Amino acid sequence: MKDDDELCLCFHVTKRKVKQFIRVHQPTVPSQLSDCYGAGTGCGWCRPFLKRLMEQPDTDATQLPDPDAYATNRRQYRQRKK
Ligand code: FES
C-alpha cells in the first residue's frame with residue numbers, strides 16, 4: 001500500500017492523511033483517528049490497520065496489504081457482516 005492509497009475506504013482517507021494526522025496530533029488511542037476525516041467510523045474494516053499505523057507510523061508499504069487485496073477483503077468482510 002502506497003501513501004496515496006485509501007486506508008479507510010468508507011471515507012476515502014488515504015494512508016498519507018492518516019500518517020500526517022498521527023504526526024501532527026499524536027493520538028494516544030486509535031479511536032482518536034476518527035478525527036481524521038472520520039477514518040474508521042464506517043464499516044470498521046480499516047480499524048486494525050489504523051491501529052497498526054498508529055503504533056508503527058513508519059510502517060512501510062510492504063507491511064500493509066496490497067490495495068486490491070485490501071479492497072477485496074473489505075468487500076468480503078462487509079458481506080459477512082450482513
Ligand atoms: S474502511 Fe474504514 S470504516 Fe470502512
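**Core, aromatic cluster and salt bridges**

At 11% relative accessibility, F49 counts as buried, because the cut-off for buried is under 20%. This holds for a predicted model, as does everything that follows. W45 is also buried, with a relative accessible area of 14%. The two residues form a tilted aromatic pair. Their ring centres lie 5.4 Å apart, and the planes meet at 50°. W45 forms a second tilted pair, with Y77. Here the centre-to-centre value is 5.4 Å and the angle between the planes is 50°. W45 sits in the loop between α1 and α2, while Y77 belongs to helix α3, so this pair ties together parts that are 32 residues apart in sequence. The count of aromatic pairs comes to four. W45, F49, Y70 and Y77 make up one aromatic cluster.

F49 is one of the buried residues of α2; the others are L50, L53 and M54. Seen down the helix axis, the buried residues of α2 fall within an arc of 140°, so they line one face of the helix. The general rule behind this is simple: an α-helix has 3.6 residues a turn, so residues three or four places apart point the same way. The cover over the buried residues of α2 includes β1, α1 and α3 (67-81).

The largest nonpolar core contains 19 residues. Within this core, L7, V18, L50 and Y70 have the most contacts. Three elements give two or more residues to the core: β1 (6-8), α1 (15-25) and α2 (47-55). The biggest share comes from α2, with four residues. V18 shows how the parts meet. Leaving aside residues up to four places away in sequence, V18 touches L7, V13, C36, L50 and L53. In soluble globular proteins, nonpolar side chains tend to be buried together.

Charged side chains add further links. The whole structure holds four salt bridges. D3 takes part in a salt bridge with K15, at 3.8 Å from N to O. D3 lies in the segment before β1 and K15 in helix α1, so the pair ties together parts that are 12 residues apart in sequence. D3 is partly exposed, with a relative accessible area of 24%. K15, by contrast, is buried, at 2% relative accessibility. D3 also forms a salt bridge with K19, and the closest N and O atoms are 3.3 Å apart. This second pair links the segment before β1 to helix α1 across 16 residues. K19 is partly exposed at 26% relative accessibility. D3, K15 and K19 are thus linked in a network of salt bridges.

D4 forms a salt bridge with R16, with 2.9 Å between the closest N and O atoms. D4 is in the segment before β1 and R16 in helix α1, so this pair ties together parts that are 12 residues apart in sequence. D4 is exposed, with a relative accessible area of 54%, and R16 is partly exposed, at 43%.

Two residues have a backbone angle worth noting. Most residues other than glycine have a negative phi. Q26 has a positive phi, near 45°, and Y37 has a positive phi near 60°. Both Q26 and Y37 are found in the loop between α1 and α2. Q26 is exposed, with a relative accessible area of 60%. Y37 is exposed too, at 57% relative accessibility. K17 lies over the face of the Y37 ring, at 4.8 Å from the ring centre.

How values were computed: Residues are numbered from 1 along each chain as its sequence is written. This is a predicted model: local features need pLDDT of at least 70, side-chain atom pairs count only at pLDDT 80 or more; totals for chains, interfaces and linings use all residues. Side-chain values use heavy atoms; hydrogens and water are left out. A nonpolar core is a set of buried Ala, Val, Leu, Ile, Met, Phe, Trp, Tyr and Cys residues joined through side-chain atoms within 4.5 Å. Buried means under 20% relative accessible area, exposed over 50%, partly exposed in between (1.4 Å probe, protein chains only). Contact means heavy atoms within 4.5 Å. The arc is that of the directions from the helix axis to the C-beta atoms. Rings of Phe, Tyr and Trp (its six-membered ring) pair if their centres lie within 6.5 Å; planes under 30 degrees apart count as stacked, over 60 as edge-to-face and the rest as tilted. A charge sits over a ring if NZ of Lys or CZ of Arg is within 6 Å of the ring centre and within 35 degrees of the ring normal. A salt bridge is a side-chain nitrogen of Lys or Arg within 4 Å of a carboxyl oxygen of Asp or Glu.
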